[in-house]
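Visitor: Could you take me on a close look at the shell around the ligand? I am new here, so please explain the terms as you go.

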Amino acid sequence: MTQSTFTPRVFSGIQPSGGLHLGNYLGAIKRFVTMQDEVAQSIYCMVDLHAITVWQDPKDLQHNTRELAAGFIASGISPEKSILINQSQVPEHAQLGWIFNCVARMGWMQRMTQFKDKAGKNAQNVSLGLFGYPALMAADILVYHATHVPVGDDQKQHLELTRDIATKFNHDYGVDFFPITEPVIEGAATRVMSLRDGDKKMSKSDPSDASRINMTDDADTIAKKIRKAKTDADALPSEAKGLEGRPEARNLVNIYAALADISVDQVLADVGGKNFGAFKPMLSDLAVAKLSPISGEMARLMSDPAEIDRILAKGAQQAREITVPILQKTYDIVGMVRPAV
Ligand code: AQP
């Protein structure tokens, strides 16, 4: 069976390990929204089981899961068109995750740069879950037989591992059961960088709030963070090659291009020659215009958490119509005994 024999299906997830930021929005969510109209079925997930690979206060986790769901919906993901779930309500993710723990090899996992970055010098003290994270991520995707996964650039290696796991499972058991998933890493802002350091990814867990634009920031906060964003002293170039060796300038131009839905070349054709004193207010105005309606809608949705819980419960029901048969078939392939149906 080849990739093309699988019905196109999109899956992606975000951790409710903090508030949503501009990197999540531009690198992932914006593409989630367009893809829900491009394929027959899309599933978007708050990956709460991944979030607890590092400590989460239980109340914060609940709040962040609901707020993330609100962020998805406010950004344009429709619960009528896409299946919206939190991972822990669909137990087949974790069940297939265990099977994949037994397929993935230690050597593959030890090469994962995200684990190395997150564990740092503390590798003996981090959770076993943090190490196993990419095998669970492979299960998140393959328990739907998802064919396409929109993500930011930092997830490329985990998606290669997902392909390796599917290939090894199919090979070991002599089946063509799991698709070889395609990563979808597109757009001008697949890797949004910190506003304080152009060599570091914008991230929820950065201790400096000034390093990121949160989706819940108000207009004044957004303007202040952009005004204070680190830059160099030169004017903006008129062509993309003039951004080489200027990570902070490149980052702000990429953000502008992604927010405006135009290319970097188009941005530079307009702003080439301007200094940051002139460009930053343009960027702030654009960011506020694009993000304020989303944060306003998020706040409205968060005023009715029971409705968010209903959407997630309905999503879990719809999801399990897909995941239960795929897990059962996996168990059959592996040789697990279960009652005949
Ligand atoms: N800076 C970024 N630029 C572009 N895309 C990004 N993504 C994350 N940061 C950027 C994309 O957002 C999706 C969800 O990411 P995640 O929450 O599952 O985990 P992460 O990549 O580890 O995100 P953070 O913010 O850096 O979280 P922490 O600080 O908790 O580790 C993915 O598609 C990711 O590529």
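Guide: Helix 1 gives four residues to the shell around the ligand, the most of any element. Helices (H or I, at least four residues) and strands (E, at least two) are DSSP runs, numbered from the N terminus. This is a predicted model: local features need pLDDT of at least 70, side-chain atom pairs count only at pLDDT 80 or more, and totals for chains, interfaces and linings use all residues. Residues are numbered from 1 along each chain as its sequence is written, and side-chain values use heavy atoms, with hydrogens and water left out.

In total, 24 residues surround the ligand, each with a heavy atom within 4 Å of it. The closest are Lys118, Asp154, Ser203, Lys204 and Ser205. By class, the shell has six nonpolar, 13 polar and five charged residues; here Ala, Val, Leu, Ile, Met, Phe, Trp, Tyr, Cys and Pro count as nonpolar, Asp, Glu, Lys and Arg as charged, and the others, Gly among them, as polar.

Now for some polar contacts (pairs of N or O atoms within 3.5 Å). An oxygen atom of the ligand lies 2.8 Å from an N or O atom in the side chain of lysine 201. For the side chain of asparagine 24, the distance from a ligand oxygen to an N or O atom is 3.1 Å. With glutamine 15, a polar backbone atom is 3.3 Å from an oxygen of the ligand. The protein covers 97% of the 640 Å² of accessible area that the ligand has on its own, by the Shrake-Rupley method with a 1.4 Å probe.

How values were computed
A polar contact is a pair of N or O atoms within 3.5 Å; within protein, one must be able to donate a hydrogen and the other to accept it, and residues adjacent in sequence count only if both atoms are side-chain atoms.
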